[in-house]
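Me: Hi! Could you walk me through this one? I'd like to chat about how the chains sit together.
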Amino acid sequence: MQTRYYKVIRDLTSDYSKNFMLVLAIAIGVFGVGSILGSYSVIKREMTDNYQGTMPASATIEIEGQFKKETVDKVKQISGVAEAERHATLLARMKVGEKWYPLLLFIIDDFKEKKTNKAFYISGEQEPATGTMLVERTAFAMMQAKEGDELIVKTSNGTQQKIKLVGTVHDPGLAPAWQEQAGYGYIKLSTLQLLGETQGFDQLRILVSENQYSTEHITEIAQTVANQLKQSGYEVHEIQVPPPGKHPHQGQMSTIMTIFIIFSFLILILGSILVATSMATLMVKQIRQIGVMKTIGATSSQITGLYLVMITLLCFIALVIAIPLSKLAAAGFYNQIAVLLNLEIRNSSIPVWVVLLQVGTGIIIPLIAASFPVVRGSRISVRVALDNHGAHQQSFQRNSWGIKFSQVGFLSETFRLSIRNVFRLRSRLVMTLGLLAAGGAMFMTALNVSDAWDENLKKIYVQRLYDLEVRLHESIQADSLLGKIKTIKGVSGAEGWNYATTSFSKSNAFEVTQTYPDKSHGSFTMQALPVPTNLLKPTIIEGEWLNNNITNDVVLNQSSRGSLKVGDMVSLNIDGQATPWNVIGFSEDVGSPAIAYVSLEVFSTIRNMQGQAKMLRISYTDRSRENATIKNREIEALLEVENISISATFPVWLLRNAIAAHMKVLVNSLLAMAILMAFVGTLGLMSTMSMNILERTREIGVMRAIGATPSKIKNLIVWEGFFIGAMSIFLSVALSLILSTYLGRLIGNLSFRTPLTLTVSLLAIGIWVLIILLGSYIATLYPARRANKITTREALAYE
Amino acid sequence: MNHTQTKNLIELNNVSKSFTLASGIFQALKNVNLQIPKGQLVAITGKSGSGKSTLLNIIAGIDKPTKGTVSINGIQVEKLSESALATWRGKNVGVVFQFFQLLPTLTILENVMLPMDFCNSYPKRERRERALALLEQVSIKEQADKLPSTLSGGQQQRAAIARALANDPPVIIADEPTGNLDSQTATSIFELFSALTRSGKTVIIVTHEKDFSSYFEDVIAIADGEIVKQTVPA
């Protein structure tokens with residue numbers, strides 16, 4: 001090996017603490033990028049594979065009545081249709097403890113020859129006998145049961161029945177049951193009849209044979225099928241074409257991943273700033289040696305090469321540490337996300353491009369960051385290099401504002417000197433401030449956004465002034481019932497509403513929606529309410545709220561507005577009938593799918609069912625979850641006495657929990673990012689401070705020689721750290737406001753189609769101030785101790 | 001290269017050097033003319049700020065003159081580029097510093113081998129042998145595998161001289177090489193320099209030490225950037 005490379009190796013091994021900082025800085029960036037992109041790539045691939053593996057139906061056609069077996073065979077003959085299958089979905093209720101939860105029942109025609117939306121077998125029976133059911137693996141927790149237990153189930157028309165849970169399946173097309181706060185069961189038609197329902201298979205699921213990912217093509221084929229069904233005498237109710245090939249939670253997933261990726265690259269940039277700062281200081285220490293090497297014959301390019309080899313070695317060490325760790329973290333991440341998305345990770349290999357990207361960023365970015373100080377250092381003339389004595393006053397101007405500021409009368413001499421020291425190396429100060437400000441801004445942004453989420457969740461209670469929604473099996477004359485409900489102690493209000501699934505009428509004959517098979521994701525509902533209502537207070541962002549009970553006015557929420565404007569006329573289908581509406585306003589609802597709000601009176605007139613209600617909304621004086629649970633039970637008891645058949649009940653707290661669960665992963669990961677940021681920021685402050693002091697060892701010796709006590713010197717250094725920290729806090733708060741606004745807008749729009757309101761978390765600012773103050777204290781402690789430990793003679797001789 | 005042009009190894013013609021400082025332009029050297037023949041031990045003396053270090057730096061190719069020409073061993077030094085100058089200096093001028101300036105993370109032996117590595121001057125296999133021979137010449141061969149910080153000042157300066165000799169340069173330049181050493185060690189260092197001139201090297205030393213004037217064949221006194229006296233001691 002050439003002699004000069006001995007120098008590289010010895011330099012690397014002689015100053016462990018500083019080189020460790022460099023390696024750590026690079027490693028953190030590489031780790032962040034690797035763990036996030038690694039988990040992202042695995043999840044993206046597995047989500048598609050899992051979902052595609054279920055053979056999700058391209059379209060579902062719903063009819064009144066039921067499909068005959070021959071019809072299914074006939075549909076299979078239609079060109080463009082690859083597969084067709086009868087199906088039915090029913091929303092029933094299950095009793096867990098003393099509470100009723102929604103139970104989504106999938107009625108399967110042929111368990112053995114399932115063609116679409118297949119669920120993967122896990123354990124127990126493959127085909128449930130009459131009176132038993134298979135359960136989606138995530139639903140057992142909601143049911144508080146296990147395989148072999150019995151579950152009390154009630155449908156709208158039937159009585160309570162005990163159904164045995166005989167098998168477990170995994171259905172990647174469904175969100176985890178705890179997220180939806182519902183149960184999922186798979187039964188035969190005979191079991192449905194046992195439960196007291198008379199309905200048959202009213203859905204036809206088809207798979208198209210080509211262009212599987214084109215919504216237009218699928219809709220076209222589905223309409224051909226619907227036309228044929230119509231000709232055969234079926235009354236087609238609705239065609240459902242969910243976004244092809246897309247998991248119902250794909251949007252939510254993209255949101256999370258977008259944020260992850262933004263943050264991981266920010267971390268890498270922060271890491272690079274750290275590397276650049278550290279390299280710059282390293283070079284300062286090496287400048288005299290560069291001068292010596294040049295004197296004995298080294299050329300600039302030899303010197304540049306020498307230091308670049310050194311950095312490449314550091315990068316290599318960082319990569320060796322960071323890549324395996326990032327794989328571990330990625331595994332932790334994708335397993336967590338897999339749980340949230342109800343996925344089974346079948347192939348956990350992280351694609352090669354992620355590792356290549358890590359290697360690329362982990363070497364190229366630090367090399368670029370380091371190349372500036374290295375090239376500058378190696379170009380410096382021999383004389384300047386030999387004259388170099390570390391930090392000196394060349395960049396310090398007599399009338400700079402740093403000096404003026406430090407001359408403020410009441411400051412002590414030590415503090416004045418601290419302030420001036422802060423401004424000695426401007427470029428390093430700028431880098432340190434940049435690092436701390438960015439770290440702080442991201443820390444606070446993470447907490448701000450997570451707070452904004454909580455605020456948004458609270459809006460659920462502000463907008464929804466009811467505490468219980470009861471969906472009835474059929475429309476009823478509700479007046480006397482509402483009167484009875486209102487007499488229950490603790491009930492503050494009750495209203496009878498109505499609802500129907502709807503869609504925008506197009507020129508074509510059938511109603512086409514984007515609803516997923518779970519009937520919740522992608523659905524569009526018309527809600528008819530008494531005007532004025534006391535139980536809903538939507539946030540109107542444009543136009544006005546419903547105020548006339550006899551006009552055909554409609555208010556659309558953010559998920560249904562599309563590109564419409566106030567004053568537009570829209571045509572909405574109700575039961576296949578197109579009805580004209582005048583758009584008077586737009587609302588922003590937290591946690592609602594697409595909804596069109598209309599007057600109950602107008603709705604009833606259109607459907608010719610005056611005075612009837614299909615949905616009850618009830619509010620309580622005490623809105624706590626505990627009270628609501630008790631009151632909900634009383635109301636259900638009353639309805640049972642009145643012999644009113646319920647199809648589902650939705651307590652508002654349940655909805656809040658469901659939404660909170662949906663975004664749990666986001667909030668948690670933001671917090672994880674915040675902690676990482678705080679770590680990187682403190683690390684940056686520590687390395688800068690220790691380098692600042694290291695450079696001034698000789699100067700400290702001089703101060704000691706002229707009588708400065710160790711405690712004076714310690715104060716001087718600590719104040720310097722505090723001062724840099726304090727400056728960074730102002731910058732980071734300002735930066736965090738901008739970042740929070742943009743990130744809140746991005747997350748809100750991607751997940752709810754409404755921006756999150758900017759929330760400033762005072763706790764976040766408080767924690768960050770504490771971290772910075774504590775961090776600067778700790779960061780200066782070691783260099784201060786070191787400065788005081790070496791003898792005055794050593795300090796004076798220090799080069 | 002034309003060696004017949006002059007019998008002097010080093011020739012400075014009308015060399016001036018000025019620095020721009022905050023207080024204005026400082027004239028460090030003013031029209032200096034100087035000839036030094038081969039194989040001499042020459043002293044440059046003068047007060048602090050007189051320009052003696054600047055003169056030394058210009059002879060060593062560490063600094064370039066603002067005006068005038070510098071010819072060493074027949075080469076017009078001021079015309080070389082930075083990188084050509086570095087290689088030229090490595091092969092033609094050995095520099096010894098007051099504070100030794102050995103690279104702290106390399107052993108003594110490696111410090112001596114480093115110039116050969118940078119200038120690619122001797123075959124790789126011979127470098128170690130050569131470095132050891134040089135260390136023997138300066139009597140610290142047994143310290144070869146130690147780091148500079150473990151050596152005494154005198155030993156470090158010997159190592160620095162060995163390093164200066166690594167590429168067998170015709171000129172050795174030393175800036176107050178004994179300024180940091182006790183008088184006994186200083187004497188032995190001057191003995192070493194004297195021995196080098198006997199083997200044909202030209203040694204130029206900036207020094208304050210009057211006690212060693214007997215060693216010098218020529219003393220150049222400098223004040224305010226001008227050569228005030230060039231004497232050959234008796």
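Reply: Happy to; we can go through the contact between the chains, the cores and then chain B, bearing in mind that this is a predicted model.

Me: Great. How many residues does each chain give to the contact?
Reply: Chain A contributes 22 residues and chain B contributes 24 residues.

Me: Which element gives the most on the chain A side?
Reply: That is H1(A), with seven residues. Helix H8 (250-295), helix H9 (300-341) and helix H11 (382-387) of chain A are also among the elements that give two or more residues there.

Me: And what about the chemistry of that side, how does it divide?
Reply: The side of chain A that touches chain B has six nonpolar, ten polar and six charged residues.

Me: Switching to the inside: which residues touch the most other members in the largest nonpolar core?
Reply: Met442(A), Phe443(A), Val112(B) and Ile173(B) do, in a core of 182 residues. There is also a second, separate core of 56 residues, including Met94(A) and Phe106(A).

Me: What does Met442(A) contact, leaving aside neighbours within four places in sequence?
Reply: Its partners are Phe263(A), Leu266(A), Met673(A), Met677(A) and Leu739(A).

Me: Now chain B. What is its secondary structure?
Reply: Chain B has six helices and ten strands, and 49% of its 234 residues count as buried.

Me: How does its radius of gyration compare with a compact globule?
Reply: The two agree: chain B has 17 Å, and a compact globule with 234 residues would have a value near 17 Å. The C-alpha trace of chain B spans about 45 × 40 × 40 Å along its principal axes.

Terms used. Residues are numbered from 1 along each chain as its sequence is written. Chains are lettered from A and ligands numbered from 1 in the order in which they are written. This is a predicted model: local features need pLDDT of at least 70, side-chain atom pairs count only at pLDDT 80 or more; totals for chains, interfaces and linings use all residues. Two residues are in contact if their C-beta atoms, placed from the backbone, lie within 7 Å. Helices (H or I, at least four residues) and strands (E, at least two) are DSSP runs, numbered from the N terminus. Ala, Val, Leu, Ile, Met, Phe, Trp, Tyr, Cys and Pro count as nonpolar, Asp, Glu, Lys and Arg as charged, and the others, Gly among them, as polar. A nonpolar core is a set of buried Ala, Val, Leu, Ile, Met, Phe, Trp, Tyr and Cys residues joined through C-beta atoms within 7 Å. A residue is buried if 20 or more other C-beta atoms lie within 10 Å of its own, exposed if 12 or fewer, and partly exposed in between; C-beta atoms are placed from the backbone. The radius of gyration is taken over C-alpha atoms; the globule rule is 2.2 Å times the number of residues to the power 0.38.
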